[in-house]
Amino acid sequence: MRYPPTLLIIATKKLTAECCGYPISIFFIVVNEFCERFSYYGMRAVLVLYFRYFLLWDDDLATSIYHAFVALCYLTPILGAIIADSWLGKFKTIIYLSIVYAIGQVTMAISTIHDITDANRDGTPDNFTFHIALSMLGLILIALGTGGIKPCVAAFGGDQFQEHQSRQLNTFFSVFYLCINAGSLLSTLITPVLRVVFIAGSGMYVKTDPEGNIMWSVCKCIGFAIKNRFRHRSSSYPKREHWMDWANEKYDKLLIAQIKMVLKVLFLYIPLPMFWTLFDQKGSRWTLQATTMSGDFGAFILQPDQMQTVNPILILTLVPIMDRLIFPLIQKCGLNFSPLKRMTVGMLFAAMAFVSAALVQIEIDKTLPNFPSSSESQLKVVNTYSTTLNVTISPNEHLLIESFGVQLHTSKHTYSTISYVKSKPREGKNAIRRDFVLRHGEQWCEFSRKFGFGASYTFLIPSTVFSDDCESITEVEDMKPNSVHMALQIPQYFLITTGEVMFSVTGLQFSYSQAPKNMKSVLQAGWLCTNAVGNIIVLIVAELGKLPKQWAEYLLFASLLVAVSIIFSIMAYFYTYIDPAEIEAQVRKEQGLEPEEMEKETLEMEEKDEDQKNEQGVKQTKI
């Protein structure tokens with residue numbers, strides 16, 4: 001049934017109230033994203049140290065499980081996209097999976113309470129299996145929650161804009177990314193209270209209905225095209241313009257055209273995981289690097305896991321500067337700084353960040369003591385006499401030790417190793433002051449010492465300690481405190497953050513702009529999967545690489561990313577930007593179909609007539 005053009009004036013989108021040119025509903029979405037990231041990054045910031053010092057895993061295992069969790073967080077968006085597009089819609093998917101997310105956070109919090117299994121109250125859990133199992137369950141639920149809503153939130157935000165708000169739509173993604181990092185900057189205490197903000201805006205949202213299992217339709221169409229092409233592989237069959245055209249016999253041309261657009265972008269995604277391989281190590285390797293550095297800034301003491309806050313602080317600074325100053329200035333200079341070129345430059349900045357991290361690591365390694373290997377032993381001699389002591393180790397080896405001094409002697413052996421400190425203390429705390437109370441019967445005294453992070457000390461306590469109120473206690477520094485300052489990590493954080501702004505923010509905008517309307521969640525899920533693959537690469541390198549020096553691993557990753565960025569720049573050079581709506585309209589026109597807007601308007605007219613008829617029938621029944 002067709003209507004005269006004069007009647008086709010019904011809006012295809014629900015009209016929404018605006019503020020400063022933006023739909024009011026956008027502000028609820030932005031606040032919700034702030035809260036979600038608030039929660040996620042607050043937990044993730046201390047996760048690798050939780051593995052290292054609560055569950056007592058070594059550096060490599062802690063790094064591997066950390067990146068396995070992050071990878072899972074970026075694989076589950078595929079599930080979220082399927083649920084949103086084929087079943088619940090974006091709004092309900094965000095609500096329901098947020099509940100799963102909250103349960104996961106609570107489970108994770110409970111797993112950290114050592115008193116649950118600490119029967120003798122010695123501060124150490126008696127059953128590590130219970131805590132590991134509970135924490136893994138919590139992390140899986142968090143991954144399902146945060147990953148499931150990832151492809152929905154950005155796409156749901158984009159759905160709120162009308163056609164005349166294209167400029168505001170582009171700005172939205174920058175503001176959206178700002179809120180991600182503002183949320184990661186703050187703690188997680190008030191997250192459960194603020195999460196209700198998203199639900200409060202329910203009546204204002206433009207909620208698009210699920211359009212069937214689009215992911216499954218895409219997979220079936222691609223599978224049929226491959227199978228049909230294989231059947232007709234003989235040269236007697238004429239070639240087709242695109243291999244997806246072999247699905248023409250069974251599937252709609254519009255769907256095929258949409259899949260072509262998606263595949264074109266997904267092909268560009270192939271090199272992208274390498275960026276995330278480097279980027280997400282700021283929460284693992286870089287945090288562990290900070291544990292071997294000094295966080296004494298004079299006015300305050302910065303702990304290793306707090307160093308990660310530099311990233312969101314820089315994001316909040318750089319996004320507005322890039323969006324309002326740098327990019328417009330480049331455009332005014334007549335340079336074509338396209339989205340894909342920005343992403344390439346962002347990858348190079350990330351590579352430079354790891355070169356900077358390698359240089360910092362080299363400086364750290366210079367300050368580390370030489371520990372005995374498995375074929376060596378180390379003897380520690382402390383002189384508690386008031387005079388210099390001459391110690392003979394062997395006929396040809398003599399040690400001259402000053403009063404209350406320490407001498408370490410390392411020698412080669414093939415049969416045994418004397419037990420001694422084999423690594424620097426790395427408990428995740430910096431410059432701790434401790435108060436000690438010594439008691440013997442009715443006698444007691446108290447003394448206080450500040451311990452530099454990474455140091456090891458021996459305290460010599462004489463028998464006269466109580467007569468001089470602990471003044472005679474002598475402190476011997478076995479291992480010097482960390483001397484390389486955490487401020488040296490700031491350049492690498494600045495470089496990685498600059499790369500993130502150019503790569504990630506631009507990538508979000510690019511993915512949304514190049515996706516057909518009904519596949520935006522699918523393409524967002526594909527974008528997030530590149531992050532998952534990147535973390536899997538870190539996991540593999542951490543478990544299998546086993547490079548002897550950490551700085552060498554940093555340079556390896558930097559070199560790989562430079563190589564990948566060159567490949568990506570070549571792929572980007574041959575990419576042609578498209579307007580999905582224009583291509584869809586052209587396909588509809590070729591098929592003799594009505595434009596999408598006219599179809600919706602016609603359907604709305606028919607539904608309105610049907611409602612009027614039903615209302616008349618009800619009135620007649622009442623009469």
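In which helix is Leu544 found? Leu544 belongs to helix H16. I begin with this residue, colleagues, as a way into the surface of the structure. Please bear in mind throughout that what you see is a predicted model.

Let us consider the nonpolar surface first. Leu544 is one of the residues that make a nonpolar surface patch of about 660 Å². The other members are Leu72, Leu75, Leu79, Ile140, Leu144, Ile536 and Ile540. Three helices, namely H3, H5 (128-159) and H16 (520-545), each contribute at least two residues to this patch. Of these, H16 gives the most, with three residues. Is Leu544 itself buried or exposed? Its relative accessibility is 67%, and Leu544 therefore counts as exposed, since the cut-off for that class is over 50%.

I turn now to charge on the surface. Lys220, Lys227, Arg231 and Lys250 form a positive surface patch. Among them, Arg231 lies in helix H9, which covers residues 214-231. Arg231 has a relative accessible area of 51% and so is classed as exposed, the cut-off again being over 50%.

The next topic is the salt bridges. How many does the structure hold? There are seven salt bridges in the structure. I shall describe some of them.

One is formed by the side chains of Arg285 and Asp60, at 3.2 Å from N to O. This pair connects distant parts of the chain, for Arg285 sits in helix H12 (residues 285-290) and Asp60 in helix H3 (residues 59-75), 225 residues apart. The partners also differ in their cover: Arg285 is buried, with a relative accessible area of 6%, whereas Asp60 is partly exposed, at 23%. Helix H3 has thus come up twice, as the home of Asp60 and as a contributor to the nonpolar patch.

Another salt bridge joins Glu249 and Arg240, whose closest N and O atoms are 2.6 Å apart. Here Glu249 is partly exposed, at 49% relative accessibility. Arg240 is likewise partly exposed, at 30%.

A further salt bridge links Lys366 to Glu363, with 3.1 Å between the closest N and O atoms. Why are these two residues separated by about one helical turn? The reason is that Lys366 and Glu363 are three residues apart in helix H14, which spans residues 339-367. Of this pair, Glu363 is partly exposed, with 36% relative accessibility, while Lys366 is exposed, with a relative accessible area of 60%. Salt bridges can also share partners, and in this way Asp60, Arg285 and Glu553 are joined into one network.

Finally, I come to the strands. Strand S9, made of residues 456-460, is mostly covered, with four of its five residues buried. Which strand is joined to S9 by five bridges? That strand is S10, residues 474-479, and the two run antiparallel. Within this pairing, Tyr457 stands opposite Glu477 in S10. As a general point, side chains in a regular strand alternate between the two faces of the sheet.

To review, we have looked at a nonpolar patch to which H16 gives the most residues, and at a positive patch that includes Arg231. We have also seen a salt bridge between Arg285 and Asp60 that links distant parts of the chain, and an antiparallel pairing of S9 with S10. Thank you for your attention.

Key: Residues are numbered from 1 along each chain as its sequence is written. This is a predicted model: local features need pLDDT of at least 70, side-chain atom pairs count only at pLDDT 80 or more; totals for chains, interfaces and linings use all residues. Side-chain values use heavy atoms; hydrogens and water are left out. Patches are made of residues with over 30% relative accessible area and no salt bridge: like charges are joined within 9 Å, nonpolar side chains (Val, Leu, Ile, Met, Phe, Trp, Tyr) within 5 Å. Accessible areas come from the Shrake-Rupley method with a 1.4 Å probe; for residues, only the protein chains shown count as cover. A salt bridge is a side-chain nitrogen of Lys or Arg within 4 Å of a carboxyl oxygen of Asp or Glu. Lys and Arg count as positive and Asp and Glu as negative; His and the chain ends are not counted. The place of a charge is taken as NZ of Lys, CZ of Arg, CG of Asp or CD of Glu. Buried means under 20% relative accessible area, exposed over 50%, partly exposed in between (1.4 Å probe, protein chains only). Two strands pair if DSSP finds at least two bridges between them.
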